[in-house]
Amino acid sequence: MPGTDTLTPAELQQYHRQLSLKEVGLAGQHKLKGASVLVVGAGGLGSPMALYLAAAGVGRLGLVDADTVEVTNLHRQVLHSAPDLGKRKVTSAREKLTALNPNITVETHPVRLDSDNALEVIGRYDVVADGTDNFPARYLTNDACVLTGVPCVYGSIYQFEGQVSVFGAPGGPCYRCLYPVPPPPGLVPSCAEGGVLGVLPGIVGCLQATEVIKWLLGIGTSLAGRMLVVDTLGMTFQTLTVRRAPTCAACGDAPAITRLIDYEEFCGLANDTGTVPLITAQELYALRQSAQGPLVLDVRHRFEADIASLGADMVIPLPELGQRLAELDSCRDNPIVVHCRSGVRSRTAAQLLRDAGFSKAVSLDGGILAWSRMVDSSVPAY
């Protein structure tokens, strides 16, 4: 690749429309070419971020993601396509990005960002673009950015709504200033459980890419100290003020976090079983071979049961369960195994049943995903 002090004739032509902006120009394009950005997550948010950062000419893009491409990704993760199924996401992403702009360097990190590697990986880049989708990863990314002094362009999505901000800017707030502690496990459903409009990560990811480019160029007004809230159903955009908290454990006046911690434990997910007994997929399989096996209750949406099924006796979606308990009265004293996709909704459902007097209700640990992995691989792991 040519040196960062030179733009080739091909690059001058490729970036012509951007170079025409007085806020960018040759000097700005040189800045972008000499810059480095780490995109954490090559999924829904990471796809549009990486595509537009590559197209804009950011010279070195890093992609960190340990997952492979699944068919359920394709409705929103536009870096990937059907021929990429089963391929590492970072590999699929690198192929698309280098095809889009061969003048940039794309570095892949096919690992899950964790407390052992985050400081080293993040410390190699100028800006982090956060495309994570779970609370442990968000707190980890935030803390690593604060400790390394790398600003983090944050985005999150849920169903029809999204949020965008810039955390870890000098003098500005970080993610912990807004959310000092995580919500209780299971309170906020994942996109797999709660759903997401496919175009939403495209909108939010493009906004994040805009903030990254503005930051690298030093133009415009950053979202540092502000949170942009997007509601696509009402098509409204609101901007909320977010202030740095002097008592913040990460970026406050006397920070308590001086090293990365166990974020699964911090978010209450490490060995989290609560008060609900769990049963493994293998144990359920063995019980179902007996003459009097347990009643198996599927609490997923009905369309999910059409995608993948382990042959449940009843399907009652979790939002309807409280109003349909009478349908289970004949089994009040019998074993009931509740299952969902991953085991999150089933724990909530099993606890609801136990509170209502179904004392033998248990949750299938890992849900359909565990059943597919440990018992019957013909059941789709969607």
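**Exercise 1. The largest nonpolar core**

Task: Find which residues have the most contacts inside the largest nonpolar core, and which helix gives the most to this core.

Solution.
Step 1. Start with the size. In this predicted model, the largest nonpolar core holds 37 residues.
Step 2. Pick out the residues with the most contacts inside this core. They are V37, L53, L61, L63, L97, V212 and L216.
Step 3. Look for the helix that gives the most. Helix α10, residues 200–217, contributes seven residues.
Step 4. Look for another core. One of 24 residues lies apart from the largest one. Among its members are V40, Y125, V128 and V150.
Step 5. Add the general background. In soluble globular proteins, nonpolar side chains tend to be buried together.

**Exercise 2. The surroundings of L61**

Task: List what L61 touches, leaving out residues up to four places away in sequence.

Solution.
Step 1. Place L61. It is one of the residues with the most contacts inside the largest nonpolar core.
Step 2. Go through its contacts in sequence order. L61 touches V37, A50, L53, A54 and L97. The list goes on with I104, T105, V106, E107 and Y125.
Step 3. Compare with the core list. V37, L53 and L97 also stand among the residues with the most contacts in the largest core. Y125 belongs to the other core, the one of 24 residues.

**Exercise 3. The whole chain**

Task: Describe the overall build of the protein chain, and say why it counts as compact.

Solution.
Step 1. Take the secondary structure. The chain has 16 helices and 13 strands.
Step 2. Test compactness. The radius of gyration is 23 Å, and the globule rule gives 21 Å for 382 residues. The two values are close, so the chain is as compact as a globular protein of that length.
Step 3. Take the extents. Along its principal axes, the C-alpha trace spans about 75 × 50 × 40 Å.
Step 4. Turn to burial. Buried residues are 47% of the 382 residues.
Step 5. Check the contacts. Of those with a separation of 6 or more, 66% join residues 24 or more positions apart.
Step 6. Finish with surface and charge. The accessible surface is about 17,400 Å², and 55% of this belongs to carbon and sulfur atoms. The chain carries 31 positive and 37 negative charges, whose mean positions are 4 Å apart.

**Exercise 4. Helix α16**

Task: Name the buried residues of helix α16 and elements that cover them.

Solution.
Step 1. Locate the helix. α16 runs over residues 367–374.
Step 2. Read off the buried residues. They are G367, I368, A370, W371 and S372.
Step 3. Find the cover. It includes helix α12 (281–288) and the strands β12 (336–339) and β13.

**Exercise 5. Two residues with positive phi**

Task: Q159 and M235 have positive phi values. Where does each lie, and is each exposed or partly exposed?

Solution.
Step 1. Take Q159. Its phi is near 55°, a positive value in a residue other than glycine. Q159 sits in the loop between β5 (152–158) and β6 (161–167). Its relative accessibility is 30%, so Q159 counts as partly exposed.
Step 2. Take M235. Its phi is near 50°, and M235 is not a glycine either. The loop between β7 (226–231) and β8 (236–241) holds M235. Its relative accessible area is 52%, so M235 is exposed.

**Exercise 6. Three more loop residues**

Task: Sort P182, G195 and Q292 as buried, partly exposed or exposed.

Solution.
Step 1. Take P182, in the loop between α8 (175–178) and α9 (191–194). At 15% relative accessibility, under the 20% cut-off, P182 is buried. Leaving out residues up to four places away in sequence, P182 touches Y139, F266 and C267.
Step 2. Take G195, in the loop between α9 and α10. At 24%, G195 is partly exposed. With the same sequence limit of four places, G195 touches Y158, Q159 and S190. The C-alpha atoms of G195 and F160 are separated by 8.8 Å, with the two residues 35 apart along the chain.
Step 3. Take Q292, in the loop between α12 and β10 (295–298). At 76%, Q292 is exposed. Its C-alpha atom is separated by 46 Å from that of L140, 152 residues away along the chain.

Methods
Residues numbered from 1 in each chain as written. Predicted model: local features only at pLDDT ≥ 70, side-chain atom pairs only at ≥ 80, totals over all residues. Heavy atoms only, no water. Core = buried A, V, L, I, M, F, W, Y, C linked by side-chain atoms within 4.5 Å. Buried < 20%, exposed > 50% of the residue type's maximum accessible area, 1.4 Å probe, protein only. Helix = DSSP H or I, 4+ residues; strand = E, 2+ residues; numbered from the N terminus. Contact = heavy atoms within 4.5 Å. Rg over C-alpha atoms; globule rule 2.2 N^0.38 Å. Areas by Shrake-Rupley, 256 points an atom, 1.4 Å probe, with all protein chains shown as cover. Lys, Arg positive; Asp, Glu negative; His and termini not counted. Charge placed at Lys NZ, Arg CZ, Asp CG, Glu CD.
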